[in-house]
Amino acid sequence: MDDVDRKILAELQQDGRLTVTELAARVRLSVSPCHRRLRELERSGAIQGYRAVVDATALGLNFEALVFVSMRQEDRDTVAEFERAVGELDHVLDAQRLFGEPDYLLRVATADLAAFQRLYDERLATLPGVQRLTSTLVMKHVVRDRPLPA
């Protein structure tokens, strides 16, 4: 990856709807070389996809919480089953396995506190291998969806 590839990635992180012609102009390439580089970035996995950034409140998801998960057991099968089950929960927006304690951090969005409590009691607390859940409420986002540094 060279500086031109990094410029392409930076531009696309700012506006993923750029046409190849617009992108080429911004990174100072002709269209064909820009298009070849773009396809190579996609093929290599540097660009993993394109999507819209949607406002959660527009979908009625007005409540967000961070849930810290401590596991009772961490054998390979339990971890795999936990991660599979978390992946099936639509309201879990992000899930990260951590070093140290706690074992996982989940970012969850629901309509309101009552919906979060139902998700917490009926789904999160019953996930395989869970010993303890601790949650904290998100007051506001200070930095969100920041493009990756070049």
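Buried, in these legends, means under 20% relative accessible area. The model shown in every panel is a predicted one.

**View 1. Leu-18, tucked into the loop between H1 and H2.** Leu-18 sits in the loop that links helix H1 (3–14) to H2. With a relative accessibility of 11%, Leu-18 falls under the 20% cut-off, so it counts as buried. Set aside the neighbours within four places in sequence, and the contacts of Leu-18 are Glu-11, Leu-23 and Arg-26. For a sense of scale, Ala-85 is 67 residues from Leu-18 in sequence, and their C-alpha atoms are 36 Å apart in space.

**View 2. Helix H2 crossing helix H3.** Here we look at H2 (residues 20–27) and H3 (residues 31–44), whose axes come within 9 Å and cross at roughly 100°. An angle from 65 to 115 degrees counts as roughly perpendicular, so that is the label for this pair. H2 brings Val-20, Thr-21, Leu-23, Ala-24 and Val-27 to the contact, while H3 brings Val-31, Cys-34, His-35 and Leu-38. Sorted by class, the residues of this contact come out as 7 nonpolar, 2 polar and no charged. Leu-23 of H2, part of this contact, also touches Leu-18 from the first view.

**View 3. Helix H1 against helix H3.** H3 has another partner in H1: these two pack at about 80°, and their axes are 11 Å apart. H1 and H3 are therefore roughly perpendicular too. On the H1 side the contact uses Val-4, Asp-5, Ile-8, Leu-9 and Leu-12; on the H3 side it uses Cys-34, Arg-37, Leu-38 and Leu-41. The tally for H1 with H3 is 7 nonpolar, no polar and 2 charged residues. Cys-34 and Leu-38 of H3 turn up in this contact and also in the one with H2.

**View 4. Helix H4 and its buried face.** H4 covers residues 76–87, and its 12 residues should span 16 Å at 1.5 Å a residue; the end C-alpha atoms are indeed 16 Å apart, so the two values agree. Which residues of H4 are buried? They are Thr-78, Val-79, Phe-82, Ala-85 and Val-86. Looking down the axis of H4, the buried residues fit within an arc of 135°, so they line one face of the helix. In general, an α-helix has 3.6 residues a turn, so residues three or four places apart point the same way. Over on the other side of H4, Arg-76, Asp-77 and Gly-87 are exposed. The cover over the buried residues of H4 includes strands E1 (63–71), E2 (92–97), E3 (104–110) and E4 (130–137).

**View 5. A cis peptide bond between E2 and E3.** Glu-101 and Pro-102 are joined by a cis peptide bond, with omega about 0°. Pro-102 belongs to the loop between E2 and E3. As a rule, most peptide bonds are trans.

**View 6. Positive phi at Arg-28 and Asp-145.** Most residues other than glycine have a negative phi. Arg-28, in the loop between H2 and H3, has a positive phi near 60° without being a glycine. With a relative accessible area of 76%, Arg-28 is exposed. Asp-145, in the segment after E4, is not a glycine either, yet its phi is positive at about 50°. Asp-145 is exposed as well, with a relative accessible area of 57%.

Definitions and conventions
Residues are numbered from 1 along each chain as its sequence is written. This is a predicted model: local features need pLDDT of at least 70, side-chain atom pairs count only at pLDDT 80 or more; totals for chains, interfaces and linings use all residues. Side-chain values use heavy atoms; hydrogens and water are left out. Axes are lines fitted to C-alpha atoms, for helices over the stretch in contact, and angles run from 0 to 180 degrees between N-to-C directions. Helices (H or I, at least four residues) and strands (E, at least two) are DSSP runs, numbered from the N terminus. Angles under 35 degrees count as roughly parallel, over 145 as roughly antiparallel, 65 to 115 as roughly perpendicular and the rest as oblique. Contact means heavy atoms within 4.5 Å. Ala, Val, Leu, Ile, Met, Phe, Trp, Tyr, Cys and Pro count as nonpolar, Asp, Glu, Lys and Arg as charged, and the others, Gly among them, as polar. The expected span of a helix is 1.5 Å times one less than its number of residues. Buried means under 20% relative accessible area, exposed over 50%, partly exposed in between (1.4 Å probe, protein chains only). The arc is that of the directions from the helix axis to the C-beta atoms.
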